[in-house]
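Biologist: Hey, got a minute to walk me through this one? I'd like to start with the charged side chains.

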Amino acid sequence: MTMPLTSLESSIATSEDYKLLENMNKLTSLKYLEMKDIAVNISRNLKDLNQKYAALQPYLDQITLIEEQVQAAHKLDTYSKKLEAKYKK
């Protein structure tokens, strides 16, 4: 059977609970600060990457255009080979 706590024991237990909660709050606060720093760094890096991508975009557009032209040239080459084969017979 559990004996009821005296006023002093209850006060000590409550004080220890508050100290524990205070320590937990401090640790949680530090963890959130770390997470904030990480988020700020991620945001900064993302902005840098977006700027670099924007600088590369004209070159990427040129590559896409060249690729389309190569595909068109390939189709034209294939068609002309078929025509050549057809009229050689």
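Biologist: So how many salt bridges does a search of the whole structure find?
Modeller: Four. Keep in mind that this is a predicted model.

Biologist: Why would side chains pair up like that in general?
Modeller: Side chains of opposite charge can pair when their charged atoms come close.

Biologist: OK, take Lys26. Which residue does the Lys26 side chain meet in a salt bridge?
Modeller: Glu22, with an N to O distance of 3.6 Å. Both residues sit in helix H1, which covers residues 7–88. Lys26 and Glu22 are four residues apart, or about one turn of the helix.

Biologist: And are Lys26 and Glu22 buried, partly exposed or exposed?
Modeller: Lys26 is partly exposed, because its relative accessibility is 48%. Glu22 counts as partly exposed too, at 43%.

Biologist: What about Asp77, which residue does it form a salt bridge with?
Modeller: Lys81, and the closest N and O atoms there are 3.3 Å apart. Asp77 and Lys81 are four residues apart in helix H1, so about one helical turn separates them. Asp77 itself is partly exposed, with 34% relative accessibility.

Biologist: Got another one for me? Where does Glu84 find its salt bridge?
Modeller: With Lys88, where the closest N and O atoms are 3.4 Å apart. Glu84 and Lys88 are also four residues apart in helix H1, so the separation is about one helical turn.

Biologist: Is Lys88 buried or exposed?
Modeller: Exposed, because its relative accessible area is 65%. Its partner Glu84 has 46% relative accessibility, so Glu84 counts as partly exposed.

Biologist: Let's zoom out. How many helices and strands are in the protein chain?
Modeller: One helix and zero strands.

Biologist: And what share of the residues is buried?
Modeller: 0% of the 89 residues in the protein chain. Buried here means under 20% relative accessible area.

Biologist: Huh. What does the accessible surface of the chain come to?
Modeller: About 8800 Å², and 63% of that belongs to carbon and sulfur atoms.

Biologist: Which residues form a nonpolar patch on the surface?
Modeller: Tyr53, Leu56, Tyr59, Leu60 and Ile63. Together they have about 530 Å² of accessible area.

Biologist: Pick one of those. Where is Leu60 found?
Modeller: In helix H1. Leu60 is partly exposed, because its relative accessible area is 32%. Patch residues need over 30% relative accessible area, and the 32% of Leu60 is the value to compare with that cut-off.

Biologist: Last thing, Asp61. Which side chain does the Asp61 side chain make a polar contact with?
Modeller: The side chain of Gln57, at 2.7 Å. Asp61 has its place in helix H1. With 43% relative accessibility, Asp61 counts as partly exposed.

Conventions
Residues numbered from 1 in each chain as written. Predicted model: local features only at pLDDT ≥ 70, side-chain atom pairs only at ≥ 80, totals over all residues. Heavy atoms only, no water. Helix = DSSP H or I, 4+ residues; strand = E, 2+ residues; numbered from the N terminus. Buried < 20%, exposed > 50% of the residue type's maximum accessible area, 1.4 Å probe, protein only. Areas by Shrake-Rupley, 256 points an atom, 1.4 Å probe, with all protein chains shown as cover. Patch = residues over 30% accessible without salt bridge, like charges linked within 9 Å, V, L, I, M, F, W, Y side chains within 5 Å. Polar contact = N/O pair within 3.5 Å; in protein donor to acceptor, adjacent residues only side chain to side chain.
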